[in-house]
Amino acid sequence: MKKDVLETLKYNKGSFISGEELSNRLGVTRTAIWKHINQLKGEGYEIESVSRKGYRLVGEPDVLNQHALQMELQTKVIGKRIVHYDTIDSTNNMAKRIAGEGGDEGVVVISEEQTGGRGRLGRQWMSPKGTGIWMSLILRPSIAPAEAAKITQIAAAAVASAIRYVTGCEAGIKWPNDIILQKKKVCGILTEMGAELNSVNYIVVGIGINANVDVALFPEDIKKIATSIKACVGNSISRKELVLQILKEFEALYLDFIHTKSIGKSVDICRAHSVTLGNMVKIINRDQTIIAEAIDLTEEGELLIRNQEGLVEKVISGEVSVRGISDYV
Ligand code: BT5
(Lines give C-alpha, C1' and ligand atoms only; values in the text may rest on other atoms or scores of the structure.)
Protein backbone atom coordinates (compact mmCIF):
# COMPACT_ATOMS: atom_id res chain seq x y z
CA MET A 1 0.00 0.00 0.00
CA LYS A 2 2.85 2.38 0.84
CA LYS A 3 4.17 1.62 -2.63
CA ASP A 4 0.78 2.60 -4.14
CA VAL A 5 0.73 5.86 -2.18
CA LEU A 6 4.23 6.65 -3.43
CA GLU A 7 3.34 5.78 -7.02
CA THR A 8 0.27 8.03 -6.94
CA LEU A 9 2.31 10.91 -5.52
CA LYS A 10 4.99 10.36 -8.16
CA TYR A 11 2.42 10.27 -10.91
CA ASN A 12 1.12 13.62 -9.66
CA LYS A 13 4.62 15.03 -9.14
CA GLY A 14 4.57 18.78 -8.77
CA SER A 15 0.88 19.09 -7.97
CA PHE A 16 -1.13 18.43 -4.83
CA ILE A 17 -3.43 15.49 -4.33
CA SER A 18 -5.86 15.54 -1.41
CA GLY A 19 -5.93 12.91 1.32
CA GLU A 20 -9.53 12.22 0.38
CA GLU A 21 -8.71 11.56 -3.26
CA LEU A 22 -5.80 9.32 -2.28
CA SER A 23 -8.02 7.34 0.07
CA ASN A 24 -10.76 7.01 -2.59
CA ARG A 25 -8.34 5.96 -5.28
CA LEU A 26 -6.53 3.42 -3.16
CA GLY A 27 -9.53 2.20 -1.17
CA VAL A 28 -8.13 2.82 2.33
CA THR A 29 -8.94 5.29 5.09
CA ARG A 30 -7.43 8.76 5.26
CA THR A 31 -5.75 7.77 8.52
CA ALA A 32 -4.02 4.89 6.71
CA ILE A 33 -2.88 7.32 4.00
CA TRP A 34 -1.53 9.67 6.65
CA LYS A 35 0.43 6.80 8.27
CA HIS A 36 1.98 5.79 4.96
CA ILE A 37 2.89 9.39 4.18
CA ASN A 38 4.65 9.64 7.53
CA GLN A 39 6.53 6.41 6.90
CA LEU A 40 7.66 7.70 3.50
CA LYS A 41 8.83 10.94 5.11
CA GLY A 42 10.79 8.87 7.64
CA GLU A 43 12.53 7.17 4.71
CA GLY A 44 13.68 10.49 3.31
CA TYR A 45 10.91 11.33 0.83
CA GLU A 46 10.16 15.05 0.99
CA ILE A 47 6.39 15.36 1.00
CA GLU A 48 4.75 18.71 1.46
CA SER A 49 1.38 18.63 3.22
CA VAL A 50 -0.87 21.68 3.10
CA SER A 51 -4.32 21.76 4.66
CA ARG A 52 -7.19 21.75 2.15
CA LYS A 53 -4.74 21.02 -0.66
CA GLY A 54 -3.30 17.68 0.35
CA TYR A 55 0.09 16.14 -0.34
CA ARG A 56 2.81 16.82 -2.87
CA LEU A 57 6.05 14.95 -3.53
CA VAL A 58 8.95 17.39 -3.77
CA GLY A 59 12.03 15.23 -3.35
CA GLU A 60 13.18 11.62 -3.20
CA PRO A 61 16.11 10.10 -1.31
CA ASP A 62 18.94 8.76 -3.47
CA VAL A 63 19.38 5.53 -1.59
CA LEU A 64 20.34 2.27 -3.30
CA ASN A 65 19.34 -0.27 -0.66
CA GLN A 66 16.91 -3.16 -1.02
CA HIS A 67 14.06 -1.28 0.60
CA ALA A 68 14.32 1.89 -1.48
CA LEU A 69 14.84 0.10 -4.79
CA GLN A 70 12.33 -2.67 -4.35
CA MET A 71 9.48 -0.25 -3.80
CA GLU A 72 9.90 0.96 -7.37
CA LEU A 73 11.50 -1.95 -9.17
CA GLN A 74 9.68 -3.01 -12.34
CA THR A 75 11.43 -6.35 -12.89
CA LYS A 76 10.47 -9.96 -12.25
CA VAL A 77 13.85 -11.62 -11.75
CA ILE A 78 16.71 -9.13 -11.78
CA GLY A 79 16.89 -7.37 -8.42
CA LYS A 80 14.49 -9.68 -6.59
CA ARG A 81 17.12 -9.60 -3.87
CA ILE A 82 19.38 -6.58 -3.44
CA VAL A 83 22.37 -6.76 -1.13
CA HIS A 84 23.61 -3.29 -0.25
CA TYR A 85 26.91 -2.38 1.43
CA ASP A 86 28.36 0.85 2.66
CA THR A 87 31.83 -0.31 1.79
CA ILE A 88 33.22 -3.53 0.30
CA ASP A 89 36.33 -4.62 -1.62
CA SER A 90 34.50 -5.39 -4.87
CA THR A 91 30.85 -6.09 -5.63
CA ASN A 92 32.04 -8.66 -8.22
CA ASN A 93 33.97 -10.51 -5.51
CA MET A 94 30.94 -10.53 -3.22
CA ALA A 95 28.56 -11.56 -6.03
CA LYS A 96 30.90 -14.44 -6.94
CA ARG A 97 30.97 -15.52 -3.30
CA ILE A 98 27.15 -15.41 -3.06
CA ALA A 99 26.80 -17.27 -6.39
CA GLY A 100 29.34 -19.88 -5.26
CA GLU A 101 27.21 -20.48 -2.17
CA GLY A 102 24.12 -21.06 -4.32
CA GLY A 103 22.75 -17.48 -4.62
CA ASP A 104 19.88 -17.20 -7.10
CA GLU A 105 19.80 -15.63 -10.50
CA GLY A 106 18.75 -12.02 -10.13
CA VAL A 107 20.63 -11.18 -6.93
CA VAL A 108 22.15 -7.71 -7.23
CA VAL A 109 25.07 -6.56 -5.06
CA ILE A 110 25.50 -2.80 -4.68
CA SER A 111 28.06 -0.88 -2.65
CA GLU A 112 28.42 2.81 -1.89
CA GLU A 113 32.20 2.40 -2.17
CA GLN A 114 34.69 -0.26 -3.33
CA THR A 115 38.12 -0.45 -1.79
CA GLY A 116 39.34 -3.00 -4.35
CA GLY A 117 37.20 -2.26 -7.42
CA ARG A 118 38.56 -4.17 -10.41
CA GLY A 119 38.64 -3.72 -14.17
CA ARG A 120 39.73 -6.37 -16.68
CA LEU A 121 43.10 -8.09 -16.23
CA GLY A 122 43.18 -7.03 -12.59
CA ARG A 123 43.28 -3.30 -13.35
CA GLN A 124 42.11 -0.91 -10.70
CA TRP A 125 38.61 0.59 -10.88
CA MET A 126 38.18 3.86 -8.96
CA SER A 127 35.01 3.62 -6.87
CA PRO A 128 34.67 6.60 -4.51
CA LYS A 129 31.98 6.69 -1.84
CA GLY A 130 28.36 7.67 -2.35
CA THR A 131 28.58 9.18 -5.80
CA GLY A 132 28.88 6.26 -8.21
CA ILE A 133 26.95 3.14 -9.07
CA TRP A 134 29.04 0.07 -8.27
CA MET A 135 26.94 -3.03 -8.73
CA SER A 136 27.06 -6.68 -9.80
CA LEU A 137 24.30 -8.96 -11.08
CA ILE A 138 24.23 -12.74 -10.60
CA LEU A 139 22.94 -14.73 -13.60
CA ARG A 140 22.54 -18.43 -14.21
CA PRO A 141 21.97 -18.89 -17.94
CA SER A 142 22.28 -22.35 -19.50
CA ILE A 143 25.00 -21.39 -21.94
CA ALA A 144 28.47 -22.53 -22.90
CA PRO A 145 31.41 -20.63 -21.37
CA ALA A 146 32.31 -19.28 -24.82
CA GLU A 147 29.01 -17.38 -24.87
CA ALA A 148 29.67 -15.42 -21.68
CA ALA A 149 30.92 -12.40 -23.62
CA LYS A 150 27.37 -11.97 -24.94
CA ILE A 151 26.31 -10.89 -21.46
CA THR A 152 28.71 -7.94 -21.70
CA GLN A 153 26.95 -6.82 -24.88
CA ILE A 154 23.54 -7.13 -23.19
CA ALA A 155 24.78 -5.05 -20.25
CA ALA A 156 26.36 -2.42 -22.52
CA ALA A 157 23.10 -2.07 -24.47
CA ALA A 158 21.07 -1.81 -21.25
CA VAL A 159 23.36 0.78 -19.63
CA ALA A 160 23.63 2.97 -22.73
CA SER A 161 19.85 2.90 -23.28
CA ALA A 162 19.16 3.64 -19.61
CA ILE A 163 21.60 6.57 -19.47
CA ARG A 164 20.00 8.00 -22.62
CA TYR A 165 16.48 7.51 -21.24
CA VAL A 166 17.11 8.91 -17.76
CA THR A 167 19.49 11.77 -18.55
CA GLY A 168 19.10 12.57 -22.24
CA CYS A 169 22.91 12.30 -22.62
CA GLU A 170 24.08 10.65 -25.83
CA ALA A 171 25.77 7.64 -24.31
CA GLY A 172 27.90 5.68 -26.79
CA ILE A 173 29.25 2.15 -26.61
CA LYS A 174 32.92 1.44 -27.16
CA TRP A 175 33.18 -2.26 -27.93
CA PRO A 176 33.24 -4.41 -25.93
CA ASN A 177 32.75 -3.02 -22.42
CA ASP A 178 32.90 0.77 -22.14
CA ILE A 179 30.17 3.36 -22.13
CA ILE A 180 31.32 6.72 -23.41
CA LEU A 181 30.04 10.26 -22.88
CA GLN A 182 31.59 13.14 -24.78
CA LYS A 183 34.50 10.91 -25.88
CA LYS A 184 35.34 9.85 -22.32
CA LYS A 185 34.67 6.73 -20.28
CA VAL A 186 31.72 7.01 -17.92
CA CYS A 187 31.16 3.30 -17.28
CA GLY A 188 33.01 0.00 -17.47
CA ILE A 189 31.59 -3.52 -17.46
CA LEU A 190 33.36 -6.58 -16.09
CA THR A 191 31.83 -10.00 -16.82
CA GLU A 192 33.20 -12.96 -14.88
CA MET A 193 32.01 -16.53 -14.53
CA GLY A 194 32.17 -19.76 -12.63
CA ALA A 195 32.09 -22.61 -15.13
CA GLU A 196 32.74 -26.26 -15.89
CA LEU A 197 34.36 -27.23 -19.16
CA ASN A 198 31.11 -27.15 -21.12
CA SER A 199 28.63 -25.25 -19.02
CA VAL A 200 28.36 -22.04 -17.09
CA ASN A 201 27.57 -22.36 -13.43
CA TYR A 202 27.06 -18.63 -12.86
CA ILE A 203 27.89 -15.32 -14.45
CA VAL A 204 28.57 -12.12 -12.55
CA VAL A 205 28.26 -8.94 -14.54
CA GLY A 206 29.79 -5.93 -12.80
CA ILE A 207 28.78 -2.44 -13.81
CA GLY A 208 30.63 0.67 -12.63
CA ILE A 209 29.19 4.07 -13.49
CA ASN A 210 30.59 7.49 -12.60
CA ALA A 211 27.13 8.90 -11.97
CA ASN A 212 27.85 11.93 -9.74
CA VAL A 213 31.55 11.20 -9.27
CA ASP A 214 34.01 14.10 -9.21
CA VAL A 215 36.57 12.75 -11.69
CA ALA A 216 38.85 15.73 -11.03
CA LEU A 217 39.84 13.86 -7.86
CA PHE A 218 41.07 10.81 -9.85
CA PRO A 219 44.79 10.27 -10.51
CA GLU A 220 46.15 12.15 -13.56
CA ASP A 221 46.17 9.19 -15.98
CA ILE A 222 42.54 8.23 -15.26
CA LYS A 223 41.30 11.84 -15.07
CA LYS A 224 42.36 12.28 -18.72
CA ILE A 225 40.15 9.46 -19.97
CA ALA A 226 37.22 9.49 -17.53
CA THR A 227 34.06 11.52 -17.14
CA SER A 228 30.82 11.43 -15.13
CA ILE A 229 27.16 11.83 -15.94
CA LYS A 230 27.12 14.85 -13.60
CA ALA A 231 29.80 16.54 -15.70
CA CYS A 232 27.72 15.92 -18.82
CA VAL A 233 24.34 17.04 -17.45
CA GLY A 234 25.63 19.86 -15.23
CA ASN A 235 23.96 18.61 -12.04
CA SER A 236 23.67 15.51 -9.89
CA ILE A 237 21.36 12.82 -11.18
CA SER A 238 19.26 10.30 -9.27
CA ARG A 239 21.37 7.16 -9.01
CA LYS A 240 18.28 5.30 -7.90
CA GLU A 241 16.34 6.20 -11.03
CA LEU A 242 19.25 5.11 -13.21
CA VAL A 243 19.73 1.79 -11.39
CA LEU A 244 16.00 1.02 -11.70
CA GLN A 245 16.06 1.76 -15.42
CA ILE A 246 19.24 -0.28 -16.02
CA LEU A 247 17.76 -3.31 -14.24
CA LYS A 248 14.55 -2.96 -16.26
CA GLU A 249 16.35 -2.68 -19.61
CA PHE A 250 18.80 -5.42 -18.70
CA GLU A 251 16.05 -7.84 -17.73
CA ALA A 252 14.12 -7.27 -20.97
CA LEU A 253 17.22 -7.87 -23.13
CA TYR A 254 18.49 -10.79 -21.01
CA LEU A 255 15.15 -12.63 -20.99
CA ASP A 256 14.89 -12.08 -24.74
CA PHE A 257 18.31 -13.75 -25.08
CA ILE A 258 17.24 -16.65 -22.85
CA HIS A 259 14.02 -17.19 -24.83
CA THR A 260 15.31 -16.66 -28.37
CA LYS A 261 18.94 -17.76 -27.81
CA SER A 262 19.92 -14.64 -29.74
CA ILE A 263 21.34 -11.32 -28.57
CA GLY A 264 20.10 -9.69 -31.78
CA LYS A 265 18.14 -6.99 -29.90
CA SER A 266 21.17 -6.02 -27.81
CA VAL A 267 23.46 -6.06 -30.85
CA ASP A 268 21.06 -3.70 -32.67
CA ILE A 269 21.34 -1.25 -29.75
CA CYS A 270 25.14 -1.68 -29.59
CA ARG A 271 25.37 -0.96 -33.33
CA ALA A 272 23.07 2.05 -33.15
CA HIS A 273 25.07 3.67 -30.33
CA SER A 274 28.52 2.40 -31.26
CA VAL A 275 31.42 4.84 -31.13
CA THR A 276 33.67 2.10 -32.52
CA LEU A 277 32.12 1.25 -35.88
CA GLY A 278 33.32 3.26 -38.85
CA ASN A 279 36.50 4.30 -37.03
CA MET A 280 40.11 3.20 -37.09
CA VAL A 281 40.89 1.04 -34.08
CA LYS A 282 44.01 -0.25 -32.43
CA ILE A 283 43.69 -3.79 -31.15
CA ILE A 284 46.13 -5.22 -28.67
CA ASN A 285 45.90 -8.99 -28.29
CA ARG A 286 48.63 -10.54 -26.19
CA ASP A 287 51.84 -9.33 -27.88
CA GLN A 288 50.29 -8.33 -31.20
CA THR A 289 49.01 -4.84 -32.11
CA ILE A 290 46.89 -4.26 -35.20
CA ILE A 291 45.50 -1.05 -36.68
CA ALA A 292 42.29 -1.68 -38.62
CA GLU A 293 38.91 -0.25 -39.53
CA ALA A 294 35.98 -1.38 -37.36
CA ILE A 295 33.20 -2.21 -39.79
CA ASP A 296 30.40 -4.06 -38.01
CA LEU A 297 29.27 -6.29 -35.16
CA THR A 298 28.22 -9.87 -35.83
CA GLU A 299 24.88 -11.18 -34.55
CA GLU A 300 26.92 -12.80 -31.75
CA GLY A 301 28.30 -9.43 -30.69
CA GLU A 302 31.84 -9.89 -32.02
CA LEU A 303 33.66 -7.07 -33.77
CA LEU A 304 34.36 -7.24 -37.49
CA ILE A 305 37.41 -5.34 -38.70
CA ARG A 306 39.00 -4.74 -42.09
CA ASN A 307 42.75 -5.05 -41.70
CA GLN A 308 45.38 -3.14 -43.64
CA GLU A 309 45.51 -5.85 -46.31
CA GLY A 310 41.77 -5.34 -46.85
CA LEU A 311 40.80 -8.66 -45.26
CA VAL A 312 37.79 -8.86 -42.94
CA GLU A 313 38.48 -10.51 -39.58
CA LYS A 314 36.47 -11.27 -36.46
CA VAL A 315 37.67 -10.01 -33.08
CA ILE A 316 36.33 -11.93 -30.11
CA SER A 317 38.13 -10.16 -27.32
CA GLY A 318 41.10 -7.95 -26.64
CA GLU A 319 41.97 -4.38 -25.91
CA VAL A 320 40.40 -2.09 -28.46
CA SER A 321 41.18 1.62 -28.59
CA VAL A 322 39.24 3.90 -30.90
CA ARG A 323 40.98 6.82 -32.58
CA GLY A 324 39.93 10.05 -30.85
CA ILE A 325 38.28 8.41 -27.88
CA SER A 326 39.76 8.29 -24.38
CA ASP A 327 43.33 7.21 -25.01
CA TYR A 328 44.02 6.42 -28.66
CA VAL A 329 44.87 9.58 -30.63
C1 BT5 B 1 36.48 -1.99 -16.96
O2 BT5 B 1 37.73 -2.57 -17.07
O3 BT5 B 1 36.13 -0.99 -17.53
C4 BT5 B 1 35.53 -2.74 -16.04
C5 BT5 B 1 35.18 -1.95 -14.83
C6 BT5 B 1 34.12 -2.66 -13.98
C7 BT5 B 1 33.88 -1.98 -12.68
C8 BT5 B 1 32.73 -2.62 -11.92
S9 BT5 B 1 32.22 -1.70 -10.55
C10 BT5 B 1 31.27 -2.98 -9.97
C11 BT5 B 1 32.04 -4.25 -10.22
N12 BT5 B 1 32.96 -4.56 -9.14
C13 BT5 B 1 34.24 -4.52 -9.53
O14 BT5 B 1 35.23 -4.77 -8.80
N15 BT5 B 1 34.30 -4.20 -10.83
C16 BT5 B 1 32.98 -4.02 -11.40
P17 BT5 B 1 38.84 -2.11 -18.10
O18 BT5 B 1 38.26 -2.06 -19.49
O19 BT5 B 1 39.96 -3.02 -17.86
O20 BT5 B 1 39.19 -0.63 -17.70
C21 BT5 B 1 39.94 -0.34 -16.54
C22 BT5 B 1 40.60 1.01 -16.75
O23 BT5 B 1 39.63 2.06 -16.67
C24 BT5 B 1 41.62 1.36 -15.69
O25 BT5 B 1 42.89 0.82 -16.01
C26 BT5 B 1 41.64 2.89 -15.73
O27 BT5 B 1 42.43 3.36 -16.79
C28 BT5 B 1 40.20 3.23 -16.08
N29 BT5 B 1 39.39 3.56 -14.88
C30 BT5 B 1 39.54 3.16 -13.59
N31 BT5 B 1 38.57 3.63 -12.82
C32 BT5 B 1 37.76 4.36 -13.62
C33 BT5 B 1 36.57 5.09 -13.41
N34 BT5 B 1 35.94 5.14 -12.23
N35 BT5 B 1 36.03 5.72 -14.50
C36 BT5 B 1 36.59 5.66 -15.72
N37 BT5 B 1 37.72 4.97 -15.97
C38 BT5 B 1 38.29 4.32 -14.94
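**View A. β8 and the shell around the ligand.** In this predicted model, strand β8 is the top contributor to the shell around the ligand, giving four residues. Sort the shell by class and you get ten nonpolar, 13 polar and five charged residues. Which residues come nearest to the ligand? Out of 28 around it, those are Ser90, Arg118, Arg123, Lys185 and Asn210.

**View B. Polar atoms facing the ligand.** Two of the pairs here use the protein backbone: an N or O atom of Arg118 sits 2.8 Å from a ligand oxygen, and one of Arg120 sits 2.9 Å from an oxygen atom of the ligand. Thr91 brings its side chain instead, with an N or O atom 3.2 Å from a ligand nitrogen. How much of the ligand does the protein cover? On its own the ligand has 800 Å² of accessible area, and 94% of that is covered. The elements giving two or more residues to the shell are α5 (91-100), β5 (133-139), β8 (184-195) and β9 (200-209).

**View C. The seven-stranded sheet.** The strands line up as β3-β4-β5-β9-β8-β7-β6 in an open sheet with mixed pairing. β3 (81-85) and β6 (172-174) are the edge strands, each pairing on one side only. From one strand to the next, the twist averages 20°.

**View D. β7 next to β8, with α6 across the sheet.** β7 (residues 178-181) and β8 run antiparallel, joined by four bridges. Zoom in on Ile180 and you'll find its bridge partner in β8, Lys185. That same Lys185 is one of the residues that come nearest to the ligand. Helix α6 (residues 149-167) lies across β5, β6, β7, β8 and β9, and runs at about 145° to β8.

Note on methods
Residues numbered from 1 in each chain as written. Predicted model: local features only at pLDDT ≥ 70, side-chain atom pairs only at ≥ 80, totals over all residues. Heavy atoms only, no water. Near = heavy atom within 4 Å. Polar contact = N/O pair within 3.5 Å; in protein donor to acceptor, adjacent residues only side chain to side chain. Areas by Shrake-Rupley, 256 points an atom, 1.4 Å probe, with all protein chains shown as cover. Nonpolar A, V, L, I, M, F, W, Y, C, P; charged D, E, K, R; others polar. Pairing = 2+ DSSP bridges. Axes fitted to C-alpha atoms, helices over the stretch in contact; angles between N-to-C directions. Contact = heavy atoms within 4.5 Å.
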